[in-house]
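User: I'd like a close look at one part of this model, with the surroundings filled in as you go. Here it is.

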Amino acid sequence: MTNLYFEELQVGARSTAGPHLLSKDEIIRFAKQYDPIPRHIDEEAAAKSVFGGLTASGSNTFAVYILLSSQLRPHYQVLMGLGWEELKLTNPVRPGDALDLEMTILELRARLEVET
């Protein structure tokens, strides 16, 4: 695995991970433990929902993002993801969907040392 450190990064550089295939069992298991809403755990209830079928919760989708971010190639050895205010889940994630992650460096900010 290639590890890149802050000094080696450049704005515009990209890193990728995936795919991660979400199974029906994984979606239901996650939802039962962390987000037990009927449209995430019961196929009949999900069919009657606005989504028309079983979908992964947003929490499940974000958990897959965290998993994939640890698998990025090249892997960044820096603190990333400062700010989630623009996170949007625009499409439902369904059983059988394969999720990929592609990250692009938009900005580099060196950490400030704070004296305590």
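User: Where is Pro19 found, that is, in which strand? Start there, then take me through the helix that strand packs against and the pocket beside it.

Analyst: Sure. Keep in mind that this is a predicted model. Pro19 is found in strand E2, and the peptide bond leading into Pro19 from Gly18 is cis, with omega near 5 degrees. Most peptide bonds are trans. There's another cis bond to look at, joining Arg73 and Pro74, with omega about -5 degrees. Pro74 sits in the loop between H4 and E3.

That brings us to H4. This helix covers 58-69 and has twelve residues, reaching 16 Å from its first C-alpha to its last, close to the 16 Å expected at 1.5 Å a residue. Its buried residues are Asn60, Thr61, Val64, Tyr65, Leu68 and Ser69. If you follow the numbering, the spacing from Asn60 to Val64 to Leu68 goes in steps of four, as does Thr61 to Tyr65 to Ser69. An α-helix has 3.6 residues a turn, so residues three or four places apart point the same way. As for partners, the buried residues of H4 pack against strand E2 (14-21), helix H1 (24-34), strand E3 (75-76) and E4. So that's the link back to your proline: E2 holds Pro19 and is one of the elements that the buried residues of H4 pack against.

Now the pocket. H4 gives the largest share of the lining of the second largest pocket, six residues. The volume of this pocket is about 510 Å³, and 24 residues line it, with Thr61, Lys88, Leu89, Asn91 and Val93 nearest its centre. Thr61 is worth a click, as it's on that list and also among the buried residues of H4. Helix H2 (38-41) and strand E4 (98-104) are also among the elements that each supply at least two lining residues. By type, the lining divides into 13 nonpolar, seven polar and four charged residues.

To put all this in context, the chain has four helices and four strands, in the order β-β-α-α-α-α-β-β along the sequence. Of its 116 residues, 28% count as buried. Among contacts with a separation of 6 or more, 78% are between residues 24 or more positions apart.

How far to trust it? The chain averages a pLDDT of 88, and 89% of the residues score at least 70. Confidence is highest in H1, at a mean of 98, and lowest in E3, at 76; both H1 and E3 are among the packing partners of H4.

Definitions and conventions: Residues are numbered from 1 along each chain as its sequence is written. This is a predicted model: local features need pLDDT of at least 70, side-chain atom pairs count only at pLDDT 80 or more; totals for chains, interfaces and linings use all residues. Side-chain values use heavy atoms; hydrogens and water are left out. On a 1 Å grid over the protein atoms alone, a cavity is a set of points where a 1.4 Å probe fits but cannot get out, and a pocket is an open set with protein on both sides within 12 Å along at least five of seven lines; lining residues have an atom within 4 Å of a point. Grid points are joined across faces, edges and corners, and a volume is the space filled by probe spheres set on the points. Ala, Val, Leu, Ile, Met, Phe, Trp, Tyr, Cys and Pro count as nonpolar, Asp, Glu, Lys and Arg as charged, and the others, Gly among them, as polar. The expected span of a helix is 1.5 Å times one less than its number of residues. Buried means under 20% relative accessible area, exposed over 50%, partly exposed in between (1.4 Å probe, protein chains only). Contact means heavy atoms within 4.5 Å. pLDDT is the predictor's confidence in each residue, from 0 to 100.
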